[in-house]
Amino acid sequence: MTFDDWAISLAVFIPLVGAVVVALVPRGRDRLIRALGIVFTAVPLAIGILMLFGFDFGAPGAFGTAEARNALQFSVDLSWISVIDARYFVGMDGVSLPLFELTLVLSFLCMIYTWHYLPEPGRPKGFVALLLILETGMAGTFVAFDLVLFFVFWELVLVPMYFLIGLWGGPNREYAAIKFFLYTLFGSVFMLLGFLAMYFRADPSTFDLIALQQAGFDRTFQLVVFGGMFMGFAIKVPMFPFHTWLPDAHTEAPTVGSVILAGVLLKMGTYGFVRIALPVLPEAARAWAPWIGILAAIAIVYAALACLAQRDIKRLIAFSSVGHMGFVMLGIATLTDVGINAAIFGMVAHGVITGMLFFLAGSVHERYHTRQIAEIGGGMLQKVPF
């Protein structure tokens, strides 16, 4: 076996192995647990860096075409659930690579942050294990090319984030966690129905994403299925008017939860549009694009105005995320190479910038014990000089 054969699988599943190892560590070994968390995120990051240097950036692009399978790098295609012909099919192209690397970097930085600070009520075993499970779900989503595999990774993210908000969050954590869970689960149901509809309509039936791009579904079928996918992906983005879970989740989540949520989880929704909805359902995408563009434009203006009214710094950053993802969706709605490239640039840029902002907001709160802009602003240099 070569590096190409095992690189993605190792980078995706090492954190999951780490979660099991952390769970087996005896209680009271807090520093060991946090150190293991750093190790089990550093190793996938190292593999990701090697993949970055091993990636052929000069390879011809074949996104959305019959040649897309041959254009995938580091790909593995093995039988998984033979009864429904679901396969362990993972790979990487220019769309997956930056988001995959972003996931590995932010997960590692979150573990570094956790080494220095763990929110109340402590319990490092559970906290670190949930972060490691989250990393596996997020990284796997960006490299899965089988819809069953994609859905498993997609849903794997839901439960750890629910507990991170619900157990380690702020005063209204239970409300925020339940709202996040219900919104996301509601969208996932529609997305799964869309996947199943495509599976049964394709000839032969398949969950293979590359094969589905060549299935040639009729226009009416595409319009209906795109609606289901739109609900699943739009809630995750989140697009206006499905955004209301986001400010609550960000405000109540612990710092690293906010970083992961804004830096990676929101990108799963926009990635779903680019990877699945547009290439598999192109006619429906053209019909839905103007409406997506209108909602994106509303989100940009609405979120900017909402930012001006915020008093809590984390809530301010959360509303700014709604606006930033509106720009990403506006790029996707153009259905052009330039627009979709711009959207991917926007996803990565937003992931880096917002991750930094939430790290800063969390650091200020942990040292100064407030997130109120009126108390922090107007002399922060004197209040927090170092």
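Colleague: Where is Leu335 found?
Modeller: Leu335 sits in the loop between α14 and α15. Helices here are DSSP runs (H or I, at least four residues), strands are E runs of at least two, and both are numbered from the N terminus. This is a predicted model, where local features need pLDDT of at least 70, side-chain atom pairs count only at pLDDT 80 or more, and totals for chains, interfaces and linings use all residues. Residues are numbered from 1 along each chain as its sequence is written, and side-chain values use heavy atoms, with hydrogens and water left out.

Colleague: What makes the phi of Leu335 worth a note?
Modeller: Its sign. Phi of Leu335 is about 60°, a positive value, although the residue is not a glycine. Most residues other than glycine have a negative phi. Asp85, in the loop between β1 and β2, also has a positive phi, near 60°.

Colleague: Why are Leu335 and Asp85 called partly exposed?
Modeller: Buried means under 20% relative accessible area, exposed means over 50%, and partly exposed is in between (1.4 Å probe, protein chains only). Leu335 has 32%, so it counts as partly exposed. Asp85 has 34%, so it gets that label too.

Colleague: Which peptide bonds before prolines are cis in the loop between α10 and α11?
Modeller: One runs from Val237 to Pro238, with omega near -10°. Another joins Phe240 and Pro241, with omega about 5°. Pro238 lies in the loop between α10 (219-236) and α11, and Pro241 lies there as well. Most peptide bonds are trans.

Colleague: How do you know that Arg87 and Asp77 form a salt bridge?
Modeller: A salt bridge is a side-chain nitrogen of Lys or Arg within 4 Å of a carboxyl oxygen of Asp or Glu. Arg87 and Asp77 meet at 2.6 Å, N to O, so the pair qualifies. Arg87 lies in strand β2 (residues 86-92) and Asp77 in strand β1 (residues 73-81), so the bridge ties together parts ten residues apart in sequence. The two are partly exposed: Arg87 at 24%, Asp77 at 33%.

Colleague: How many salt bridges does the structure hold?
Modeller: Six. Among them is the pair Asp248 and Lys179, with the closest N and O atoms 2.9 Å apart. Asp248 lies in helix α11 (residues 245-252) and Lys179 in helix α8, so parts 69 residues apart in sequence are tied together. Asp248 is buried at 15%, and Lys179 is buried at 16%.

Colleague: What makes Lys179, Asp248 and Arg315 a network?
Modeller: A shared partner. Arg315 meets Asp248 in a salt bridge at 3.5 Å, N to O. Arg315 is in helix α14 (residues 313-333) and Asp248 in α11, so this pair ties together parts 67 residues apart in sequence. Salt bridges that share partners join Lys179, Asp248 and Arg315 into one network. Arg315 is partly exposed, at 25%.

Colleague: How do you know that Glu252 has no salt bridge?
Modeller: The nearest side chain of opposite charge, Arg371, is 5.4 Å away. Lys and Arg count as positive, Asp and Glu as negative; His and the chain ends are not counted. Glu252 is buried and lies in helix α11. Its side chain reaches the backbone nitrogen of Asn172 at 3.0 Å.

Colleague: Why is helix α6 called mostly covered?
Modeller: Eight of the ten residues in α6 (residues 147-156) are buried. Phe150, Trp154 and Glu155 are among them. At the start of α6, a side-chain oxygen of Asp146 reaches to within 3.0 Å of the backbone nitrogen of Val148.

Colleague: What makes Leu196 fit the nonpolar patch on the surface?
Modeller: Patches take residues with over 30% relative accessible area and no salt bridge; like charges are joined within 9 Å, nonpolar side chains (Val, Leu, Ile, Met, Phe, Trp, Tyr) within 5 Å. Leu196 has 33%, so it is partly exposed. Leu196 is in helix α8 (residues 173-201). Other patch members include Leu185, Phe190 and Phe200, and together the patch has about 710 Å² of accessible area (Shrake-Rupley method, 1.4 Å probe, with only the protein chains shown as cover).

Colleague: How many disulfides does the structure hold?
Modeller: Zero. A disulfide is a pair of cysteine sulfur atoms within 2.5 Å. Cys110, at 1%, is buried, and so is Cys307, at 16%.

Technical notes: Polar contact = N/O pair within 3.5 Å; in protein donor to acceptor, adjacent residues only side chain to side chain.
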